[in-house]
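I sat down with this one to work through the fold, the strand pairing and the packing. My notes are below, in the order I looked things up.

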Amino acid sequence: MTREPVVLAAGQSLGARSIGPITQTDIVRFAGAGGDFNPLHHDADHARRAGLPGVISMGQMQAGMLAAWVSDQVHVEHLIAYSVRFASPLAIGETLELTGHVESVDDGIAELALEARVDERVVVSGRARVRCSS
């Protein structure tokens, strides 16, 4: 059964979501699910030798969190397109704030601008195109 599209209007903000603080366990679980065993994600000494302050999450983890959040907002069956840009790493102990707003609505299609931030620092920016009611 397909749910009705949500009502969206240009300029509308989507309800924010906080996720975190991110733990080493979160990162290891995602690595196991996705098969990404790069030592930057589990070996603090290796990460520091690479110039990082410590272990970082894989970008796809934050992209997935942002995708899940926007899918919850607009119902996944109405998501037409989704893209992201990785802007900065996410470290253990940080909390992500997921936000977005409607840039435009035309003929039942909304263009969304999305962000995952830690305080004022953008971790992932994204865009989505969704079916909506206006």
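The entries go from ground rules to overall fold, then to the sheet, the core and a few single residues.

**Ground rules.** I am working from a predicted model, where local features need pLDDT of at least 70, side-chain atom pairs count only at pLDDT 80 or more, and totals for chains, interfaces and linings use all residues. I number residues from 1 along each chain as its sequence is written, and side-chain values use heavy atoms, with hydrogens and water left out.

**Overall fold.** I looked up the elements and got 3 helices and 5 strands. For me these are DSSP runs numbered from the N terminus: helices are H or I with at least four residues, strands are E with at least two. Along the sequence the pattern reads β-α-α-α-β-β-β-β. I took the box along the principal axes, and the C-alpha atoms fill roughly 50 × 35 × 20 Å.

Next came burial, where buried means under 20% relative accessible area, exposed over 50%, and partly exposed in between (1.4 Å probe, protein chains only). Of the 134 residues, 34% count as buried. I also checked contacts, meaning heavy atoms within 4.5 Å. Among those between residues at least 6 apart in sequence, 65% join residues at least 24 apart.

**The sheet.** I call two strands paired if DSSP finds at least two bridges between them. Starting from strand 1 (residues 17–19), I found it antiparallel to strand 3 (residues 96–106), over 3 bridges. Arg17 has Leu98 in strand 3 as its bridge partner.

Strand 3 also pairs with strand 4, antiparallel again, over 9 bridges. Here Glu97 stands opposite Arg117 in strand 4. These two strands make a hairpin with 2 residues between them, and Asp107 in the turn has a positive phi of about 55°.

Strand 4 (residues 109–118) then goes antiparallel to strand 5 through 10 bridges. That hairpin has 2 residues between its strands too, with Asp119 at a positive phi near 55°. Strand 5 (residues 121–131) is joined to strand 2 (residues 79–86) by 7 bridges, also antiparallel.

Which residue of strand 5 is the bridge partner of Leu112? Ala128 is that partner, and Tyr82 stands opposite Ala128 as well. Following the pairings across, I read the order as strand 1 to strand 3, strand 3 to strand 4, strand 4 to strand 5 and strand 5 to strand 2.

**The core.** A nonpolar core here is a set of buried Ala, Val, Leu, Ile, Met, Phe, Trp, Tyr and Cys residues joined through side-chain atoms within 4.5 Å. The largest one has 28 residues, and Leu8, Trp69, Leu96, Ala110, Leu112, Leu114 and Val130 touch the most other members. Helix 1 (24–34), helix 3, strand 3, strand 4 and strand 5 each give two or more residues to this core. The largest share of it, 6 residues, comes from helix 3.

**Helix 3.** I checked its length first: its 16 residues should span 22 Å at 1.5 Å a residue (1.5 Å times one less than the number of residues). The end C-alpha atoms are 23 Å apart, which agrees. Its buried residues include Met61, Met65, Leu66, Trp69, Val70 and Val74. The buried residues of the helix pack against strand 1, helix 1 and strands 2, 3, 4 and 5.

Trp69 got a closer look: leaving aside neighbours within four places in sequence, it is in contact with residues including Leu14, Arg17, Leu98 and Leu114. Ser71, also in this helix, is buried at 12% relative accessible area. Under that same four-place exclusion, Ser71 is in contact with Val76 and Leu79.

**His75.** I found His75 in the loop between helix 3 (59–74) and strand 2, with a positive phi of about 75° just after the helix. Is His75 buried or exposed? At 17% relative accessibility, His75 counts as buried. Its side chain makes a polar contact of 3.3 Å with that of Arg3. By polar contact I mean a pair of N or O atoms within 3.5 Å; within protein, one must be able to donate a hydrogen and the other to accept it, and residues adjacent in sequence count only if both atoms are side-chain atoms. Beyond four places in sequence, His75 is in contact with Arg3, Glu4 and Val6.

**Val118.** My last stop was Val118 in strand 4, buried at 7%. Glu94 is 24 residues away along the chain, yet the two C-alpha atoms are separated by 6.7 Å. Not counting residues up to four places away, Val118 touches Leu90, Glu94, Thr95, Leu96 and Val123.
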